[in-house]
Structure formats: C-alpha cells, structure tokens
Amino acid sequence: MTVDDDPYVLSSIERDLRRHYGADYRVLKAASPGEALENSRQLKRRGTAIALFLVDQRMPEMTGTQLLGALKEIHPDSRRVLLTAYADTEAAIQSINEVGLDHYLMKPWDPPEQKLYPILDDLLSEWKSRAHLPFDGIRIAGARFSPQSHDVREFLSRNLVPYQWIDIDEDASMRELLSSYPGGLAKLPIVMFPDGTFLSAPSNIKLAEKVGLPTQASAPFYDVTIVGGGPAGLANAVYAATEGLRVVLVEQNAPGGQAGMSSAIENYLGFPNGITGADLAQRAAAQARRFGAELLTAQEVVSIDRNDPYRVVKLASGAKISSYVVVITTGMSVRTLDIPGIQRLHGLGVYYGAALSDALAYRGHDVCIVGGANSAGQAALFFSRYARSVTMIVRAPSLASKMSHYLVERISHIETIKVATNAEVVSVSGSGRVEAIGLMNVATGESFDLAASAVFICIGAAPRSEMVGEFVDRDEKGFIRTGPDLPRVNGKPAGWDLERAPFMFETNVPGVFAAGDVRAGSDRRVASAVGEGSAAIFSIRKYLDTV
Ligand SMILES: Cc1cc2nc3c(=O)[nH]c(=O)nc-3n(C[C@H](O)[C@H](O)[C@H](O)COP(=O)(O)OP(=O)(O)OC[C@H]3O[C@@H](n4cnc5c(N)ncnc54)[C@H](O)[C@@H]3O)c2cc1C
C-alpha cells in the first residue's frame, strides 16, 4: 500500500509499483493517513495480509513516521518504507528505531529499476518467507507440548519450508480425522503433504527427502567438502564457488548454524537496523547456490579420513564424499543443564537455545530465559513481543557483566521483561509440561518457585568437533588448532610430514582446514565466522596448487 497526499507523487509511484509488482501483488493507494488507516483496518478484518507500506514522510495530517507507527499496530508483520526528501533524512534515521523502519527511499526514485525495485524486491522476498498466508501446502498436526512436534516444526522453519501448524489439542475435528489414519495418534506429529501422502513422526532426513531438500551429493568427487552450514561454512561455500571450485557443503540440520537461531543480529556490517539470523542464512544459502555450491541438509558427518591425495568424509547414512580439501566449520552447540526435571520435560517447555518459532507457541504465556550473555538478551527482547512476561535468570549480580550495553539498555525499557540476578535454576517441574521452575539466590542461598510455561536455556556452548576424534589436533576443550597455533615438536606439528608449515586455517592434517567457532582462537561472532570462512579460501587455493 502506498500513501501520499500529493496526487502527482501518488499516481507516479502507484504506476511504477503496478508495472513491476502488479502480477504478484495488489497495489493499493491512499491519499491521506486517515484513508490508509481505515483501509488497513478493513483488510485486517478480512484476514488480508499487507506485504509492504510505502509512505511519504511529509503529509499535513500526520508525518509518515507517525503513520507507520500506527500501521505497525494493525499489521505488525508488514515491511515499512518511508519516502523522503533529502531534508527528511534525519527523521528517517530516527524512525529506524521508533517504528522499526525497514528502509527509506529518496525522492525522486528514478530510474526505478535501480533505486526502487531492488530494495522492495529484497523486502518483499523477506516478508514472503515469513508471512502467514492462506495456505494449501504442508500441514503439521501435533501436540504443542511434544518434543517431536517441536523438532519437526523447527527443522522445516529453519529450512524455509512453509507449513501450517495444527494443534490437535485445540482442533477436535483434526484429532478425529487423524485417528482414522493408519497408526492413529500414536506417532505424532503427522505431516500431511499436498499430494495426499503423510509421514508420522518423520526423521529429518525423511522429511528433507520428501519436501525436496537436497540430501545426496550429486557428484562422485569435489575440490572442497565443507562440514557445517553456519556463517563460516556458508561464506566458505560462496567464496570457493566463486573461485570456480567444485564445492559441496554438508549440514546436519539447516543452513544458518547458531546464527540462524538469533532473533536480531545487530552487529553485522551493512544492516543498520539488524537482521534476523534466519534472513542472513537464507541470503547466504541462496548466494552459495547461485554460484554453484551444492548444499546438502539433514546429513551428519560422522568422521573424516585421509586417503592421499583425497580426504574422505563419512556421513551417518554410511555414504562417503571424496574431495581434495575438507573444511570443518561445525561451530558450537549449546551447553546443557543437569538439574531435576530437566530431562523429563525437555521439549515439553524446556528448550536449549531460543528458536524464533517457539516465540509464537508461547504467545501470552510466562516464560523464562536462562543466561546473561547476548544470545539470552536477544531472545528476551524477541520473546517479549509475544509472551505475557519474560523473566531472565542471570547468575551474575547484574546483566551488564556479560551483555552488550545496547541490549542491557533496551531490556531496561521493556516492562514485561524482568531480570532475576544472582539467580540459578535448580529444578524444573510440571506434570506433562513445564509449570514452574525452582530458583536459588546464589548470594543468600534462599530458594523459591516461579510459575512459567517454558524455560529457554542459553548458557553458552561447546565446540562440535567430536567427529574428528584424534584425526586432527584439538586443544583441551575440543577446539581445533590451526596454522601458527598448532603446537610444534622439533619445529613441526604432530604427524606433519611436509617441508612447508601449515597454511593459515590448516590443521595438522594437510588439506583439512577449520574456520569459525570450532577453531581454537576464533572470536565467536558472525562477522568473524564469515571472515574466517572467506579468508580460508586463500589457503585452500595454495593447497590445491600442491596436489
Ligand atoms: C542465539 C544466538 C544469538 C547470537 N547472536 C549473535 C549476534 O547477534 N552477533 C554475533 O556476532 N554473533 C552472535 N552469535 C554467535 C554466532 O552465531 C556464532 O559465532 C556463529 O554462528 C558461528 O558460526 P560458525 O559457522 O562457526 O558455526 P555455527 O553457527 O555453530 O554453525 C555450525 C553448523 O555446523 C553444523 N554441524 C555441526 N556438526 C556437524 C556435523 N557433524 N555434520 C554436519 N553438520 C554439522 C551445525 O548444525 C551448524 O549448522 C549468536 C549465537 C547464538 C546461539
């Protein structure tokens, strides 16, 4: 919907929008803020989603920023773009925070092919990937408080496969329908496909195959095999592919890694109002594929071997992939807690990490987030949009000890987020699902219970390097050592049989590289992971010249 009180500007922007988007979207115009608000309310009542608002900043009734703020209340998921004159730049920048502005465009926007469409294309594709539209695709029917249902939903969400979720506890007709399926309700969730087929409690690999995600390598041999599809692996895939190398990336879950779980990455260069990890992952995966990299999902690498001059990666399915080079970018996985009740209620209100898809499931509930670092802070901010209350459980005496200042500031302004400092979770309880958590004040030793429907545990992570075993050198915590960081005996790393020293990012096995969080000494940020994954290509090139 485009809004402008200047009839000339309104009709020219409408014309340009219709020309480019008319086939896929309805383009609506409003000549005043009042008309825009009325039309938006009507569409909301009819259940029609609005993809994007394009609003002029200067209007007599109210400013574009004010109007976008009011429209956000009605259609919170729409993209918001302000049309500004040069003099309004300041107002536009301010509204990035005030109304969650996605972009501001300068007048005039000629030629639209350069100044209008690329920006709106990007925003619309981002909106489309998350919008809840009337749906005739995959449907998942299950119980909200079931670990299997949670895992299936998360797997599809993270692989950007749209689906409709049906909670059978709230939909009696669906419950009845499913009871007539072979196996009935014994194995949930049931995933129903548009072709009439269904799968009961499917594994990731079965699901991936059914929805058409690539799971098998298409070639017998590659130049580079990348293990792990987080930011480091995806960056490595993009740069290897742009160098013309034959690349396959093997990911056990979905592209994005830990970053894919982040609700707002605000410190990544080029995204002044932040980007969700899911969007970043989607863009990176699309970019890697565009350059010809092959991305396999739902495939776990269980070991890596050397058969000179080849490196061989073995998958859990038993399949093997051969290449000249292997790059390990397996990152880290969240630490788990060992307290009474936690195992029994895992997936029934206890979650490790904080997936965005869980926020909607706990709309209107009281939830807890355990942890005091940035990932916990981001999760609290995101969940506060949906939950009735969010309590952060922090062991330290203040949030500031581990969290970035900007997050502490924001949290302090949100009334529904409470912070329990000096607090430790000592138990989780509930019959069938989480109902309360037991807390202890670490300063006084005092214990008390807190009613909560879910607890999200964000307490740090450990490297995922178990698949390399003794094959490459790791430090005492399991991080993989590379290049100059490799310990030397008589001037050489253990087992190193070449005259040259290992290249940057190369492990003590020639041709096997590591980058990102799993690498000893890495900085554990998205930007560093991307930087390492990209920079490793320089060393890989040098290595390939030797084989
Ligand atoms: C909730 C959260 C929020 C965060 N927010 C920020 C932020 O705002 N800014 C910031 O800079 N950093 C942030 N971080 C940290 C950042 O996400 C990480 O530093 C970054 O993702 C590391 O990238 P990576 O590619 O090295 O590893 P990862 O992102 O951990 O990716 C590793 C991938 O390898 C896969 N894998 C592991 N083992 C195997 C195997 N055997 N076979 C196949 N695949 C395997 C995993 O499934 C995973 O997808 C956040 C982290 C979390 C958890």
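Buried means under 20% relative accessible area, exposed over 50%, and partly exposed in between, with a 1.4 Å probe and protein chains only. The model is predicted: local features need pLDDT of at least 70, side-chain atom pairs count only at pLDDT 80 or more, and totals for chains, interfaces and linings use all residues. Residues are numbered from 1 along each chain as its sequence is written, and side-chain values use heavy atoms, with hydrogens and water left out.

**Exercise 1.** Classify Gly-318 by accessibility and place Gly-318 in the chain.

Step 1: the relative accessible area of Gly-318 is 40%, so Gly-318 is partly exposed. Step 2: Gly-318 sits in the loop between strand 14 (310–315) and strand 15 (320–328). Helices (H or I, at least four residues) and strands (E, at least two) are DSSP runs, numbered from the N terminus. Step 3: Ser-32 is 286 residues from Gly-318 in sequence, and 63 Å away in space, C-alpha to C-alpha.

**Exercise 2.** Find the buried residues of helix 3 and explain why they are on the same side.

Step 1: in helix 3 (residues 64–74), the buried residues are Gly-64, Thr-65, Leu-67, Leu-68, Leu-71 and Ile-74. Step 2: these residues lie on the same side of helix 3 because they cover an arc of only 165° around the axis. The arc is taken from the directions from the helix axis to the C-beta atoms.

**Exercise 3.** Describe the pairing of strand 6 with strand 7 and the path that connects them.

Step 1: strand 6 (residues 138–142) and strand 7 (residues 163–167) run parallel and are joined by 5 bridges. Two strands pair if DSSP finds at least two bridges between them. Step 2: from strand 6 the chain passes through helix 7 (residues 147–158) to strand 7, a right-handed β-α-β crossover. Right-handed means that, with the strands pointing away from the viewer, the path from the first strand over the helix to the second runs clockwise. Step 3: for one position in the pairing, Ile-138 stands opposite Tyr-163 in strand 7.

**Exercise 4.** Locate the cis peptide bonds at Pro-108 and Pro-111.

Step 1: Lys-107 and Pro-108 are joined by a cis peptide bond with omega about -5°. Step 2: the bond from Asp-110 to Pro-111 is also cis, with omega near -10°. Step 3: Pro-108 lies in the loop between strand 5 (103–106) and helix 5 (112–115), and Pro-111 is found in the loop between strand 5 and helix 5.

**Exercise 5.** Which residues surround the ligand most closely, and which polar contacts does the ligand have?

Step 1: the shell has 33 residues, and the closest are Ala-232, Glu-251, Gln-258, Gln-378 and Asp-517. A residue belongs here if one of its heavy atoms lies within 4 Å of the ligand. Step 2: helix 10 (231–242), helix 13 (374–383) and helix 15 (526–544) each supply at least two residues of this shell.

Step 3: list the polar contacts, here pairs of N or O atoms within 3.5 Å.

- A polar side-chain atom of Glu-251 is 2.6 Å from an oxygen atom of the ligand.
- A backbone N or O atom of Val-301 is 2.9 Å from a ligand nitrogen atom.
- A polar backbone atom of Arg-524 is 3.4 Å from an oxygen atom of the ligand.

Step 4: the protein buries 93% of the 1,000 Å² that the ligand exposes when taken alone. Accessible areas come from the Shrake-Rupley method with a 1.4 Å probe.

Note on methods: A polar contact is a pair of N or O atoms within 3.5 Å; within protein, one must be able to donate a hydrogen and the other to accept it, and residues adjacent in sequence count only if both atoms are side-chain atoms.
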